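Visitor: Hi, have you got a moment to walk me through a structure? I'd like to start with the ligands and then look at some backbone details.
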Amino acid sequence: MLSLPFILNLKMEIQLHDKHFVPFISADELDSAIAKMAKQISKDFQEEVPVFIGVLNGAFMVVSDFMKHYKNPCELSFIKMASYDGMETTHEVKQLIGLNQDLTGRSVVIIEDIVDTGNTIEELHKLFADKNLKQLKFATLFLKPEAYKKDIKIDYIGIEIENKFIVGFGLDYDGLGRNLSEVYQLK
Ligand SMILES: O=P(O)(O)OC[C@H]1O[C@H](OP(=O)(O)OP(=O)(O)O)[C@H](O)[C@@H]1O
Ligand SMILES: Nc1nc2[nH]cnc2c(=O)[nH]1
């Protein structure tokens, strides 16, 4: 049962820097979507040990919860990419921390918190093209279908959302909001 402070909290609008945000997706909904993705992925990788690669910073919470739901043998690594300045994409995706692991012949699943324009996963797709992988798959907790115009297939999608800026559960607005356990939408 939900406690009163939680119900009150759900109704509360928050402010980060100069912007106001309203509650959008609850912690329970996030957890169900992640659990569903983990179940789907473990079904597809029963015969092998996939390497999950989380995209920092945003994906740290998704990856942490995803790993708790993924019950089969797997490996985990991170890569750090960034392109957003405030609420706008800079269209330039920078790799800030790379991978130093040999992934030859491995099945890799990239785990993103959000796919918006798709610039980040396009850059990742290029980055992994010469790594001689067995296969490369993309998983994301959030997808904005109206914003995503690339041809790269997104294999696992948690929740499709409208094309509005969100924060919380790893996602920030100018550095703030990553520690929120629910997701908020720009008011
Ligand atoms: O599809 P796109 O338009 O490329 O947007 C998606 C990317 O934007 C965010 O990262 P950001 O560049 O904000 O860095 P961060 O993860 O450190 O917040 C998010 O974590 C994704 O990686
Ligand atoms: N915080 C945040 N980062 C993003 N990166 C791409 N889209 C978004 C979004 O809606 N919110």
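Guide: Happy to, and here is a tour of the ligand sites, one sheet and a few backbone details; please keep in mind that this is a predicted model.

Visitor: Great, let's start with ligand 2. Which residues surround ligand 2?
Guide: The shell around ligand 2 consists of Tyr84, Ile114, Asp116, Lys144, Lys164, Phe165, Ile166, Leu171 and Asp172.

Visitor: And how many of the residues in that shell are nonpolar, polar or charged?
Guide: Five are nonpolar and four are charged, while no polar residues appear in the shell of ligand 2.

Visitor: Which side chain has an N or O atom 2.7 Å from a nitrogen atom of ligand 2?
Guide: That is the side chain of Asp116. Lys144 also takes part, with a polar side-chain atom 2.7 Å from an oxygen atom of ligand 2. Ile166 uses its backbone instead: a polar backbone atom there is 2.7 Å from a nitrogen atom of the ligand.

Visitor: How much of the accessible area of ligand 2 does the protein cover?
Guide: On its own, ligand 2 has 280 Å² of accessible area, and the protein covers 92% of that. As for the space taken by ligand 2, this is the largest pocket.

Visitor: OK, over to ligand 1. How many residues surround ligand 1, and which are the closest?
Guide: There are 18 residues around ligand 1, and the closest are Ser83, Tyr84, Asp113, Thr117 and Thr120. By class, the shell of ligand 1 holds six nonpolar, seven polar and five charged residues.

Visitor: I spotted Tyr84 around ligand 2 as well. What is the distance from an N or O atom in the side chain of Tyr84 to an oxygen atom of ligand 1?
Guide: The distance is 2.7 Å. Asp172, which is also in the shell of ligand 2, has a side-chain N or O atom 3.3 Å from an oxygen atom of ligand 1. Gly118 comes in through its backbone, where an N or O atom lies 2.8 Å from a ligand 1 oxygen.

Visitor: What about coverage for ligand 1?
Guide: The protein covers 93% of the 500 Å² of accessible area that ligand 1 has on its own. The space taken by ligand 1 is the largest pocket.

Visitor: Which elements give two or more residues to the shell around ligand 1?
Guide: Those are the strands β4 (75–85) and β6 (107–115), together with the helix α4 (119–128).

Visitor: Changing topic: what is the strand order in the open sheet of four strands?
Guide: The order is β1-β2-β10-β9, and the pairing is antiparallel. The edges are β1 (14–16) and β9 (166–167), each pairing on one side only. Ile166, from the shell of ligand 2, falls within the residue range of β9.

Visitor: How many bridges are there between β1 and β2?
Guide: Three bridges pair β1 with β2 (residues 19–25) in the antiparallel sense. Gln15 has His20 as its bridge partner in β2, and Leu16 has Lys19. The two strands form a hairpin with two residues between them, and His17 in the turn has a positive phi of about 50 degrees.

Visitor: And how many bridges join β2 to β10?
Guide: Four bridges join β2 to β10 (residues 183–186), again antiparallel. In β10, Gln185 is the bridge partner of Val22.

Visitor: Last topic, backbone oddities. Where is there a cis peptide bond?
Guide: A cis peptide bond joins Leu56 and Asn57, with omega at about 0 degrees. Asn57 belongs to the loop between β3 (51–56) and α3 (60–69).

Visitor: What is the sign of phi at Asn132?
Guide: Positive, at about 50 degrees, although Asn132 is not a glycine. Asn132 lies in the loop between α4 and β7 (135–143).

Visitor: Why do these two spots get a mention?
Guide: They get a mention because most residues other than glycine have a negative phi, and most peptide bonds are trans.

Notes: Residues numbered from 1 in each chain as written. Chains lettered and ligands numbered in written order. Predicted model: local features only at pLDDT ≥ 70, side-chain atom pairs only at ≥ 80, totals over all residues. Heavy atoms only, no water. Near = heavy atom within 4 Å. Polar contact = N/O pair within 3.5 Å; in protein donor to acceptor, adjacent residues only side chain to side chain. Areas by Shrake-Rupley, 256 points an atom, 1.4 Å probe, with all protein chains shown as cover. 1 Å grid on protein atoms, 1.4 Å probe; cavity = no way out; pocket = protein on both sides within 12 Å on 5 of 7 lines; lining within 4 Å. Sits in = over half its atoms within 2 Å of the grid points. Nonpolar A, V, L, I, M, F, W, Y, C, P; charged D, E, K, R; others polar. Pairing = 2+ DSSP bridges.
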